[in-house]
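Me: Please pick a single part of this model and take me through it closely. I am in my first year, so give the cut-off for each term when it comes up.

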Amino acid sequence: MNTYNLIASLNESTVVAEYIPESARSEAYQSEAELEREFIRLLQVQGYEYLTVHREAALIANLRRQLEALNDYVFSDSEWEGFFSECIAGRNEGIAEKTRRIQTDHVQILHRDNGTTKNIYLLDKKSIHNNRLQVINQYAETSGTHDNRYDVTILVNGLPLVHVELKRRGVAIREAFNQIKRYQQDSFWAASGLYEYIQIFVISNGTHTKYYSNTTRSGRLKELDEGGRGRSKKTSNSFEFTSYWADGKNRVIPDLVDFTKTFFARHTLLRILTRYCVFTAENLLLVMRPYQIAATERILNRIEVSSTYKKMGTIEAGGYIWHTTGSGKTLTSFKTAQLAAALPSIDKVLFVVDRKDLDYQTMKEYDRFEKGAANGNASTRILQKQLESADARIIVTTIQKLDIFIRKNKGHEVFRKHVVIIFDECHRSQFGDMHAAITKSFKNYHLFGFTGTPIFAANAASGGNPLLKTTPQAFGGEPDQNGKKVLALHTYTIVDAINDGNVLPFRIDYVSTLRQKEDTADKEVSAIDRERALAAPERIREIVGYILEHFDQKTKRSSFYSLKGQRVAGFNSIFAVGSIPMAMKYYTEFKKQLAESGRALTVATIFSCGAGEEDLEDLLPDENFDTSGLDASSRNFLAAAIEDYNACFHTAYDISADQFQNYYKDLSQRMKNREIDLLIVVNMFLTGFDATTLNTLWVDKNLKMHGLIQAFSRTNRILNSVKTYGNIVCFRNLQTETEEAIGLFGDKQAGSIVLLKSYDAYYNGYEEGGKRYPGYTEQIDELTRRFPLGQEILGEQEKKEFIRLFGSILRLKNILSAFDDFAGSAILSERELQDYQSLYIDLYQEMRPAKSEKENINDDIVFEMELIRQVEINIDYILILVAKYHDSHCADKDILVTIEKAVHSSLQLRSKKELIENFIRTVNASTEVDEDWKRFVLEQKEADLSAIIAEEKLKPEETRKFIDNSFRDGTLKTTGAGADKIMPPVSRFGGGRAAKKQGILDRLMKFFEKYTGLA
C-alpha cells in the first residue's frame, strides 16, 4: 500500500468548532444545472478530481486503476476479473453485504495467478488521506427497469460511496429524497450493482441540504415493497430521519455552499465514512450526527491531552457531555468507548450505569451496534474475570457491582491500569460514597459522564457531600465566560434537538382532580390529609374514567400506520403514579371499569422495592429487580398482576428474582411492539426506556427538574408524521415545576419551543416574530371560499394551491384532534371532509409521476398522504354500512352514496372499489353480510388468480404458493428467486424478457393490493 511519510500530525476535528456562513450570495436565478456545476467546482477547489465517467465500463476501469494505486499492485486481467466478481460485485449481494464490506470487511483477499494470496484494501482507514476522492456527474444507467441519469457521485478509491441529488432553489428538498427512492427501485441495483456501495446520500435544493444513510433509503423501499405500493409506511426510514449538518455549537449549516466547505472537506468526509458510521447487527447503517461526533472527539481529545500532561486520576482528565434525552447518547457513548478502547495506551473502558434495568438495556443496544463488542456481567464474579482479562476491552456494568468489586479487591492490579470510566446519566449514585470509592481506588483513570439533565447549583440536593453536589464537581467542567469550570465538554439541549427535528415537543394537559374548600389556604392542609385526598377511591375512579374516556383521542387510536410490517392503530401510554399502594389501586380500578364496559384494553403494571413518592434530589429513586423487600400485600398483588399478564400473553413469569427480571424484559419488548396499551409504573420505565410507539404519559405523581424531564421524554421519540408531539396529561398541578425544568435544561426561551401552543392558537391563529400564522378556522374559510365542493379546480397552479392548503389543514387537524376542546368544532361535516379528501387523493394520483416520467414531476409540492391514511376507513366500516343497507331491505340509497364516498376517500379501499360494488349488487333479503362477503371474496380471489395464471401462462403451483406466502408475510416480493420461479419460459434474448416480467409483477401487485387485508 502507498503511504506518506509522517512529517507532522494534527488532531483535526471532524466537526468544525464554529462556522461563519459565506456572506456573498448571488441573487440571480440559479438553474439545477448551474447549481450542479458550482457544486462540482467547489469540490475541485477542495482537492477532488473531476472525471468524465458516464457509463459502467469507464467506472469499472477507473475502479481498477484506483485500487491498484491504493495497494501499489497491478492486477493481471484474470486476477481483476476474479477479484471484481468475487470481492466487489457478487451476483447475490445487496446493499447489506456491500455496506458490511465497506464498514467492517474493507480488506479483501486476492487470489493471485501464481497461487498466492494478497490483502487488497478497498479503503485505508488508518491513514485516511491515502484514499483518493473523485467526483463524477450525470452517470447514465440503462440496464435497469427504467433508464436513469444521476446527478453527482463521490468516488472513494473508485467506489461510489456518496451520492448527491440536487434540485433547483425553490423546489421542495423532499423531492430529491423521493427521486433517490425511484433510482433504488429502477436502477441502483442494475448491471454490476456498484451504486449499492453508496453509504451516504446528500439531498439539496441549494438553500437546504441534508444527509442520511443508505439503509434509510433501502429500508424505506423495502417497507413500501412489503406493504404494497399504496400503503402508509413512514418509519425511521422516511424523510423525517434525514439530518442537517452543523458546527460544534449546533448551528445548522443548510446552504449547499457552506455544507460543501464543511461536510465535504476531505478530512471530514473521510472521517465520517471510515470512523463515524456504525453498521448494526440488524444490517442498519447509522451515520452519526454532528453533535454526536463533536462529543466523541472532545472526549478522545481530552484523553490524549491529559495523558500527555500526566493528568490521569484527576478531575482535569475528564468532563461531562450534556446531550438531551432522546438524542442518541447510547450511540455516542458506544462509539466513544469503541474508539477509546482502540487507543494504544488505554487498557480498559468501563461503561457504568446506575440501575440493573439500564445495564440490560445498554448491553442490548451495544450488542445491536456491534455483536460482542462489549462485555456484560450478571455478577461481580464475572465482572472480576473481565477486569482481569486482556480480551475484555469494553465492559458494561452497574455502579453497584463495581462498588462491590472495589470493596472486596483492595489493591487489585486493575486499579493501576490506564482506564476510561464513562458514566451514563451521571446523577444520583455517582455523587455519593461509591463515586468516592471508585475515584480513590483507581489511580490512572479518565472520568466522563453522559447526561441529558445535569445537576447544577439550582437543582442540587441540600444534603450529601458538599464537594459532589453538581455534575461539574463530580466530572470536571470547562471554564465559562467568568472562568468558572462548570460547562460541559459538549452541549446539545432539548431546544437544539427539537429545532433539529431529532425529538418532538410536548403537549401538556393539566386536569384538576382536587378541589379545595373555600377560605382554606394550602398551608392549612396537612400532608396526611392531602395524601388521603389523592388516594381517595372517588378520585381514583374519576381519573380512571377520564383516561378511558380520552384514551383513544390521546393515543390517536383512529390513526393508522405500519409497525414492523403490521398495520396498527395509534400509540400506547405509561401511567406514572406516586406510590406502590396507588399503583395497586389504579390497576384494580382499571380492571373493574374495563370489565363493566366490556372494553378491550391491555393494562399491565410493574414495581419493586425502592419505589417511593418523594425524592429529595428531584431524581427518580432506584428500582431494582428485587421483590423480596416488598410487604406481603404488595408481593401478592404483583404476583396476581403478573398472572393476568401470563394469561394474556401465554407466558409463565412470576416474582422470583430471575423470573421477575425476565418479566421486565418481556414487558419492555411488548411495550415497544405496542402490544401493551397502558403500563402503570411508579418509577420503572421512566428513565432510559425508549419506545417510539409511546406517545402519552399520564401523571399522578410529583415530578420536578431532572425527574420531570426524564419522565416526559419517554413520549417524544420520533416515529412518523402522525406522531407530532409527546402527550402529557397531569392529574397534579406541575405547571411551575415544568417551567422551571425546561428553563434549566433548555434555556430562557425554551418554553415556546419545547411546549406546543394553546388550542386557541392553533384553532384561531397567532402571531410570532412579526408573522401571522393562520389558524384552523381561517384555513377552512379559505378552503370553502376558494375551492367550494362541486366546482372544478382549473389550472395546475390552482391545484397546487389546493394541495398546499388542504395539506396544511390536515396537519392542523392532526394536532387539534388531541385537544378536548376540538370535539364538535371541526366545522366541516364528515361527508364534506370525505369529499375534499377524495379530491386530494384524485390530485395526488393525477400529479404523482408515472414510472416513465423523468421530468415535470411537480417537485415543488408535498402531499400529506400519511395524514390521509391515518384516518383510513377500513373494510369493517364498509360492511357495517352494507349491513344497514341490507336491513333497509335495500331501499335506503343514501347508504350507497355514503359507501361510495367512503371508498373514494380511502387510498386503501380504492383498489377494492370494484369488489365492493360487485358484492353490493348481490345483496338481497336472504344475504348474511359477513359470511357472504367472506365467501364472495374467496370466490372472486380464486377467479382473478386463475385468470392471471391462464392469461400470463404462469406455473400454477408455484404461483399459488408465491401468492399464499405473500399474503402470509404481508408483502409481495418483486425480486428474488420466488418471483423468478413462477415466470413462464421466455427467451433471454430479444430484449422483451424484462418488460414481460415487469408486466406480470405489476398485474400480481394489483391483485395483491385488491385482496390484501381481505384474504
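Reply: What follows starts with one helix and its surroundings, then goes on to a sheet and a few single residues.

The model is predicted, so local features need pLDDT of at least 70 and side-chain atom pairs count only at pLDDT 80 or more, while totals for chains, interfaces and linings use all residues. Residues are numbered from 1 along each chain as its sequence is written, and side-chain values use heavy atoms, with hydrogens and water left out.

The part is helix α3, residues 77–88. Helices (H or I, at least four residues) and strands (E, at least two) are DSSP runs, numbered from the N terminus. The 12 residues of α3 reach 15 Å from the first C-alpha to the last, close to the expected 16 Å. That expected span is 1.5 Å times one less than the number of residues.

Which residues of α3 are buried? They are E79, W80, F83, F84, C87 and I88. Buried means under 20% relative accessible area, exposed over 50%, and partly exposed in between, with a 1.4 Å probe and protein chains only. These buried residues cover an arc of only 125° around the axis, so they lie on the same side of α3; the arc is that of the directions from the helix axis to the C-beta atoms. D77, E81 and E86, on the other side of α3, are exposed.

The buried residues of α3 pack against α2 (56–71), α4 (95–103), β2 (107–111), β3 (117–121) and β6 (159–166). Contact here means heavy atoms within 4.5 Å.

Two of these neighbours, β2 and β3, pair in the antiparallel sense over 5 bridges. Two strands pair if DSSP finds at least two bridges between them. L110 in β2 has K118 in β3 as its bridge partner. The side chains of β2 alternate: Q108 and L110 point to one face and are buried, whereas V107, I109 and H111 point to the other and are not. The hairpin has 5 residues between its strands, and G115 in this hairpin takes a positive phi near 90°.

Further along the chain is an open sheet of 6 strands with parallel pairing, in the order β13-β12-β14-β15-β11-β18. Its edge strands are β13 (394–398) and β18 (490–492), each of which pairs on one side only. Neighbouring strands are turned by 20° against each other on average, direction ignored. Axes are lines fitted to C-alpha atoms, for helices over the stretch in contact, and angles run from 0 to 180 degrees between N-to-C directions.

Within this sheet, β14 (residues 419–424) and β15 (residues 445–451) are joined by 6 bridges, and V420 has H446 in β15 as its bridge partner. Helix α9 (residues 290–308) lies across β11 (319–323), β14, β15 and β18, at about 160° to β15. Helix α10 (residues 329–341) packs on the sheet too, touching β11, β12 (348–353), β13, β14 and β15, and its direction makes about 165° with that of β15.

The loop between α9 and β11 holds K310. Phi of K310 is positive, near 55°, although the residue is not glycine. At 66% relative accessible area, K310 is exposed. M705, also not glycine, has a positive phi near 40° and lies in helix α22 (residues 705–712). M705 counts as buried because its relative accessibility is 13%.
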